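Thanks, everyone. Let me put the structure up, and then we'll walk through it.

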Amino acid sequence: MSRHLRVAAVDLGATSGRVMSGRIGGDRVELDELHRFPNAAVRVRGSLFWDVLGIHREVLAGIREVARTGPLDGIGIDSWAIDHGLLDHDGQLLGQVFSHRDARVEGVAEKVVAQLGATRLYATTGIQQLPFNTLYQLVAARGTTVLDSAETMLLLPDLLGYWLTGAIGAERTNASTTQLYDVRHGTWAVDLCQELGLPEGILPPLRDPGSLLGPLLPDVAEELGASADVPVVAVGSHDTASAVVAVPAETREFAYISSGTWSLVGLELDRPVLTEEARLADFTNEVGVDGTIRFLKNVMGLWVLSESLRSWSERGHQGAELHSLLAAAAELEPLRTVVDINDPRLLFPSTSADPMPERIAALAAESGEAVPHSPAAVTRCILDSLAVAYRRHVRTAATLAGTSPEVVHVVGGGSQNELLCQLTADACGLPVLAGPVEAAALGNVLIQGRSLGADLSDVPAMRDLVRRSYDVRRFEPRDGLDWAAAEARIS
């Protein structure tokens, strides 16, 4: 490394946020978590919003802690995709920031597809048809005072970066997830906005990962106890883009699963796959760092398990802690119950009137599967169903892209779930390398480091540094279960 660097990596998830101190130097990259806070959507009068001002407050608290404990060379922010704030002509936030799980988008995608055509939408944007894509959120907001008054739309990391620096822009890896981005030409899909009656003028200038937003605003620097010339760096602001940078792969012949609230299952490619077969398989083409493409499928992920855990906790169910449930689930009959883990009924938060475990049981009953009744049985069903989904999507991605992955890298929080990692290896018939856990934050730090002078010429160099800095666990595939038959049960 040319010099030692210390940066703040803000990594925001839909259930928690964290601010890490990242250090690059001495031929290593290191993370130290200095601030963690819970995050959850807030329901107000039937709508679901993010407490974005509360998130901003916690981000400031975390950066302040990084600045307090040592020199600060830079700041980067990554988060989940799609959700956004709207600013007026004075740069003030208009209204609340909706959660993508808000019900206002129900039925919108079908109307847009009927107007524009699914083939055209995919040929332009390359994006998976998810009902909450930014495009559909904006269509749902047509005719509202907030959208009519909007001057600028900023995705969540760009909004938080704007509050730190005053700089307006849209980082490309996140912009590409919105279904408002032309993946072939690297521009906003203005024609789609015009045909749908959306104000294309609200789309901000695009910027690449690694570019500098600018220095901190003077009042922000004073509040943080930091130098006013500390730069904010546009990292891969979609957390998966940063996480893929930190996949400790030695070659390009790998599949990855960024496993957390969502599971992002896919490949890293040089160009998008925009074939009709890819559209029908509902795969997405999102921009990665250094012009790569994240060709992947969004899978409901560990959200389903976390919502089940929350439901059991609220009902005072004994023995419903994650560690004990995973141990009990590992002893149960494998593949006894599998469901479509991407069923839209699993998208919305669990409620007392409609708890997540009961939704799982209902899906099983509908498809003739054995109905899971105990928390351990529901947990096993969720993990088996995730592994089946991973198998399907890894194989489909490889077929569509004409590649043959040799290994599956699992990064993110789900890499700590040993049962899920082993089931993934068994289902995919490939070795699974699990870790690092904080891949998004690591990628965030590495992209900042390169922009600020670290000797990291390209993504392979970043991955080499991750391999030298972190151990991974290897899970070899085991024989004995008919995963193909299990997959056919939910086809």
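How many cavities of 30 Å³ or more does the structure hold? Two. Keep in mind that this is a predicted model.

Let's take the largest cavity. Its space comes to about 70 Å³. The lining includes Ile77, Pro157, Asp158, Gly161 and Glu171. Further along the chain, Arg207, Leu213, Val232, Val233, Ala234, Val235 and Ser237 also line this cavity. Two elements give two or more residues each: α6, residues 156-165, and β16, residues 231-233. Helix α6 has the largest share, three residues. By class, the lining splits into seven nonpolar, two polar and three charged residues.

Now the second largest cavity. Here the space is about 50 Å³. Among its lining residues are Ala241, Val244, Val245, Glu268 and Gly288. Val289, Thr292, Arg294, Val459 and Arg463 line this cavity too. The elements giving two or more residues are α10 (239-245) and α18 (459-469). Of these, α10 gives the most, with three residues. The class split is five nonpolar, two polar and three charged.

On to the open spaces. What is the volume of the largest pocket? About 1,100 Å³. Its lining runs to 49 residues. Nearest the centre lie Ser259, Gly260, Thr261, Trp262 and Gly413. Several elements give two or more residues to that lining, including β1 (5-12), β2 (16-25), β17 (254-259) and α17 (439-451). α10 and β19 are also on that list. Helix α12 gives the most, with four residues. By class we have 21 nonpolar, 22 polar and six charged residues.

The second largest pocket holds about 460 Å³ of space. Twenty residues line this pocket, and Gln129, Leu130, Pro131, Asn342 and Pro344 lie nearest its centre. Both α2 (108-116) and β20 supply at least two lining residues. α2 gives the most, with three. Its lining counts 11 nonpolar, five polar and four charged residues.

Next, a hairpin. Strand β19 covers residues 284-287. Which way do its side chains point? Thr284 and Glu286 go one way, Asn285 and Val287 the other. All four are buried. In general, side chains in a regular strand alternate between the two faces of the sheet. β19 pairs with β20, residues 293-299, in the antiparallel sense, over four bridges. One of the bridge pairs is Asn285 with Phe295 in β20. Between the two strands there are five residues. In this hairpin, Asp290 takes a positive phi near 60 degrees.

There is also an open sheet of three strands. The order is β8-β7-β10, and the pairing is antiparallel. Why is one side of β8 left without a neighbour in the sheet? β8 (93-94) stands at an edge with a single partner strand, so one of its sides has no neighbour there, and β10 (152-155) at the other edge is in the matching position. Strand β7, residues 84-87, is joined to β10 by four bridges. Leu86 stands opposite Met153 in β10.

Now the nonpolar cores. The largest has 104 residues. Val304, Leu386 and Leu446 have the most contacts inside this core. Helix α15, residues 375-401, gives the most to the core: 12 residues. What does Leu386 contact, leaving aside its neighbours within four places in sequence? The answer is Val299, Gly301, Leu302, Ile341 and Leu420. A second core is separate and has 37 residues, among them Val97, Tyr162, Leu216 and Leu224.

Last stop, one residue. Where does Asp343 lie? It is in the loop between α13 (322-330) and α14 (356-366). Is Asp343 buried or exposed? Buried: its relative accessible area is 11%, and the cut-off for buried is under 20%. Not counting residues up to four places away in sequence, Asp343 touches Met300 and Leu363. Asp208 sits 135 residues away along the chain, and the two C-alpha atoms are separated by 34 Å.

That's the tour. Comments are welcome.

Key
Residues numbered from 1 in each chain as written. Predicted model: local features only at pLDDT ≥ 70, side-chain atom pairs only at ≥ 80, totals over all residues. Heavy atoms only, no water. 1 Å grid on protein atoms, 1.4 Å probe; cavity = no way out; pocket = protein on both sides within 12 Å on 5 of 7 lines; lining within 4 Å. Points joined across faces, edges and corners; volume = space filled by probe spheres on them. Nonpolar A, V, L, I, M, F, W, Y, C, P; charged D, E, K, R; others polar. Buried < 20%, exposed > 50% of the residue type's maximum accessible area, 1.4 Å probe, protein only. Pairing = 2+ DSSP bridges. Core = buried A, V, L, I, M, F, W, Y, C linked by side-chain atoms within 4.5 Å. Contact = heavy atoms within 4.5 Å.
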